[in-house]
Amino acid sequence: MKDKIKMILASKGYSAPALGEVFNCAPQSASTKVFRGIKTINDLILICDFCNAQISITLDNGTVIKLDKSDIE
């Protein structure tokens, strides 16, 4: 998963430390978080939102359910 996160970041010209503002922490802490692996869907949604990327679930009947920051409680 961390390699895919890095790909998302790189596609927008970012690196892991840039996520400090997303996670409200120091850049080094954000980098460590990505290196150790993103463990929650909430974190993944925040990263995708930061990079203007979309995350969705596609059901077997073709229904697409998009996830965004409004889904984080």
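## The strand pair

Ile55 stands opposite Leu67 in β2. The model is predicted. Strand β1 covers residues 55-58, and strand β2 covers residues 64-67. The two strands pair in the antiparallel sense, over 4 bridges.

β1 and β2 form a hairpin with 5 residues between the strands. Gly62 takes a positive phi there, near 95 degrees.

## Salt bridges

How many salt bridges does a search of the whole structure find? The search finds 2.

One joins the side chains of Asp43 and Lys33, at 3.2 Å from N to O. Asp43 lies in helix α4, while Lys33 lies in helix α3, residues 27-36. The pair therefore ties together parts that are 10 residues apart in sequence. Is Asp43 buried or exposed? Asp43 counts as buried, at 12% relative accessibility. Its partner Lys33 is partly exposed, with a relative accessible area of 31%.

Asp49 and Lys69 also meet through their side chains in a salt bridge, at 3.8 Å from N to O. Asp49 lies in helix α4 and Lys69 in the segment after β2, so this pair ties together parts that are 20 residues apart in sequence. Asp49 is partly exposed, with a relative accessible area of 37%. Lys69 is partly exposed too, with a value of 46%.

## The aromatic pair

The count comes to 1 aromatic pair. Tyr14 and Phe50 form this pair. Their ring centres are 4.6 Å apart, and the planes stand at 40 degrees to each other. The pair counts as tilted, because the angle is neither under 30 degrees nor over 60.

Where do the two partners sit? Tyr14 is in the loop between α1 (2-11) and α2 (20-23). Phe50 is in helix α4, residues 41-50. The pair links distant parts of the chain, 36 residues apart.

The partners can also be described by accessibility. Tyr14 is partly exposed, with a relative accessible area of 35%. Phe50 is buried, with a relative accessible area of 17%. Phe50 gets that label because buried means under 20%.

## Lysines over rings

Which lysine lies over the face of Phe35? Lys2 does, at 4.5 Å from the ring centre.

Lys33 lies over the face of Phe23, at 4.7 Å from the ring centre. Lys33 thus has two contacts to look for in the structure: the ring of Phe23 and the salt bridge with Asp43.

Conventions: Residues numbered from 1 in each chain as written. Predicted model: local features only at pLDDT ≥ 70, side-chain atom pairs only at ≥ 80, totals over all residues. Heavy atoms only, no water. Phe/Tyr/Trp six-rings, centres within 6.5 Å; stacked < 30°, edge-to-face > 60°. Buried < 20%, exposed > 50% of the residue type's maximum accessible area, 1.4 Å probe, protein only. Lys NZ or Arg CZ within 6 Å of the ring centre and 35° of its normal. Pairing = 2+ DSSP bridges. Salt bridge = Lys/Arg side-chain N within 4 Å of Asp/Glu carboxyl O.
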